[in-house]
Every structure is written in C-alpha cells, then in structure tokens.
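Here is a friendly note to read alongside the structure. Have the sequence and the 3D view open as you go through the points.

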Protein chains: 2
Amino acid sequence: MEKTIIGLEQAAQTLKLLGDKTRLTILGLVKNGECCVCEFVEVLQMSQPSVSQHLRKLRDAGLVKEQRRGQWIFYSLNTAHETYPIIRQVLDQIPGQQEKLKALAEAGLRIQCD
Amino acid sequence: MEKTIIGLEQAAQTLKLLGDKTRLTILGLVKNGECCVCEFVEVLQMSQPSVSQHLRKLRDAGLVKEQRRGQWIFYSLNTAHETYPIIRQVLDQIPGQQEKLKALAEAGLRIQCD
DNA sequence: TGAAAATATAAGTATATGCTTATATGATAA
DNA sequence: TTATCATATAAGCATATACTTATATTTTCA
C-alpha cells in the first residue's frame with residue numbers, strides 16, 4: 001500500500017539539502033512563487049556568492065529551476081521533480097516565509113519583470 | 001491556516017539528521033516497532049560504534065527514545081516529540097525497511113525479550 | 001562601445017561530519 | 001567474583017560543508 005516514489009538514497013540526499021537553515025528558507029520563499037537572487041540576498045542578509053552557492057546545490061539536485069528574465073535570474077520550485085512531493089510535505093509543516101517577501105515589497109525592493 | 005508546530009531552525013536541524021542514509025534507514029527500521037543495537041548493526045552491516053554514534057544523535061535530538069531490557073537497549077520512535085509529525089510524513093514517503101527485519105527474523109537473529 | 005548591475009564561479013579556510021580503533025560501562029551467567 | 005556479552009564513549013583522522021574574497025560572465029543602458 002506504499003506509494004513511495006523515490007529511493008532511500010535519493011531521499012537522504014534531498015533531506016540533507018533541506019537540512020540547512022538557509023536552503024530551507026530559500027525553499028520557503030519560493031513555495032508559492034519565484035524569487036530572484038538579489039531578493040534572496042536581501043531577505044537572508046547574507047553575501048551574494050553564498051546565496052548563489054546554495055542555489056546551485058538546490059538546482060543541481062533538481063529541487064528548483066531557474067529562468068533568466070533580463071538581467072535577473074528567477075528561481076522557483078521544480079514541481080515536476082520526483083522529490084517534489086516530499087519537499088511539499090516538509091514545506092507545509094514549517095513556518096511560511098511569505099511575510100518576509102511582503103516586507104520586501106513594502107520597502108519597494110521586490111523585483112517585477114514583464 | 002498553517003498548523004506549523006516547529007520553527008524553521010529546529011526543522012532544519014531535524015532534517016539534517018534525516019539527511020543521512022544510515023540514520024534514515026534506522027528510522028525506517030523503527031517505524032513500526034523497536035529494535036536493539038545489535039539488530040541495527042546486523043541490518044546496516046556497519047560497526048557497532050558507528051551505529052551507536054548515529055543512535056546517540058537521534059536520541060539527543062529527541063527523535064528516538066531508548067529503553068533498556070536486560071542487556072539489550074531498544075530504540076523506538078519518539079512519537080511524543082514535536083518533530084514527530086514531520087518525521088512521520090517523511091517516513092511514509094520512503095521505501096519501508098520491514099523486509100530487512102523479516103530477513104533477520106528468518107535467520108533467527110531477531111531479539112525477543114519478555 | 002564602455003560602464004554598471006546581477007549573477008556565477010574559483011580558491012582558500014575553518015568547522016562539522018562520519019568513520020575507525022581502543023577502551024569503558026553495565027548486565028548476565030558461570 | 002570473574003568472564004562474557006551488549007552497548008557507550010573517547011580520540012584520531014579524512015572528507016564534506018559553508019563561508020569568505022576575488023574574479024569572470026552576461027545583460028542592460030548611456
């Protein structure tokens with residue numbers, strides 16, 4: 001009656017990526033939409049290279065996808081990935097990060113592209 | 001509408017513990033019952049000190065609890081812990097480890113105490 | 001074309017992690 | 001009490017991780 005999709009090894013690798021406060025916050029931020037790197041930098045209050053390196057790990061594992069729009073690169077959850085169900089479960093059980101994006105928007109720092 | 005119980009920091013710390021193949025297997029093994037250390041050693045095919053060290057991490061974080069019975073120490077899921085819901089969700093999404101315990105039982109290596 | 005902005009990558013470093021071997025503790029049985 | 005079994009702990013070591021600073025790449029705009 002099990003409907004396990006991913007193997008234990010891949011689950012462990014995915015959970016290791018989630019087991020970091022910065023990356024977990026990043027995933028919480030893109031839970032309902034996309035963000036660009038400078039927004040992560042602003043919200044997380046950490047250096048741009050450090051943020052980029054975390055994003056690369058998430059992207060290499062397929063957990064997020066990137067899309068360039070102009071000079072910005074936007075990251076979003078890769079809902080098509082096989083690990084997405086487990087990630088969704090986890091994200092639904094931790095505090096939402098939406099209010100941080102709201103604060104960004106109120107400060108006029110949210111990036112909007114057309 | 002969020003019913004998040006644990007904070008992001010604690011979630012990250014818990015997920016880091018789950019992000020290891022050995023520990024994830026251990027949790028899978030105690031998903032439906034308790035096991036003693038020698039059973040973990042047998043199933044995982046790794047050294048006893050290494051297993052003990054993983055168990056200590058899980059116990060220190062409160063994810064599992066231990067109970068001594070005779071010369072054996074049995075470990076089981078700490079269902080009362082605040083991180084239990086998230087752990088349960090994860091365990092329900094990875095392959096079960098029950099068949100390994102079944103193999104142990106058939107080999108007459110399962111520990112039974114009264 | 002050239003400068004500036006956004007992002008990525010590389011290299012270096014300090015700390016964390018997971019194993020090993022050796023030893024300690026605690027319970028049982030002779 | 002002494003030996004043995006099950007488990008825990010300590011110390012040492014190799015690798016992984018997450019940051020820093022410096023530099024490269026790509027896009028936009030003047």
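The points below take the contact between the two protein chains, then the surface near one DNA strand.

1. Ground rules. This is a predicted model, in which local features need pLDDT of at least 70 and side-chain atom pairs count only at pLDDT 80 or more, while totals for chains, interfaces and linings use all residues. Residues are numbered from 1 along each chain as its sequence is written, chains are lettered from A and ligands numbered from 1 in the order in which they are written, and side-chain values use heavy atoms, with hydrogens and water left out.

2. How the chains meet. Chain A brings 28 residues to the contact and chain B brings 28 residues (contact means heavy atoms within 4.5 Å). About 2,300 Å² is buried between chain A and chain B, and carbon and sulfur atoms give 65% of that area. Buried area here is the accessible area (1.4 Å probe) that two parts lose on being put together, summed over both. On the chain A side, A:Leu8, A:Leu15 and A:Gln93 lose the most area to chain B, together 28% of what that side buries.

3. Polar links between the chains. Chain A and chain B share 2 salt bridges (a side-chain nitrogen of Lys or Arg within 4 Å of a carboxyl oxygen of Asp or Glu). A salt bridge joins the side chains of A:Lys21 and B:Glu9, at 3.3 Å from N to O. There are also 5 residue pairs in polar contact between the two chains, both residues at pLDDT 80 or more. A polar contact is a pair of N or O atoms within 3.5 Å; within protein, one must be able to donate a hydrogen and the other to accept it, and residues adjacent in sequence count only if both atoms are side-chain atoms.

4. Around DNA strand D. Of the 28 residues around this strand, A:His54, B:Cys38, B:Gln48, B:Ser52 and B:Tyr75 come nearest (a residue is near a strand if one of its heavy atoms lies within 4 Å of it). Sugar and phosphate make up 62% of the atoms of DNA strand D that come within 4 Å of the protein.

5. Three places to look. A polar backbone atom of B:Cys38 is 2.8 Å from a phosphate oxygen of DNA strand D. A polar side-chain atom of A:Ser50 lies 3.1 Å from a phosphate oxygen of the strand. For a base, turn to A:Gln53: an N or O atom in its side chain is 3.2 Å from a base oxygen of DNA strand D.
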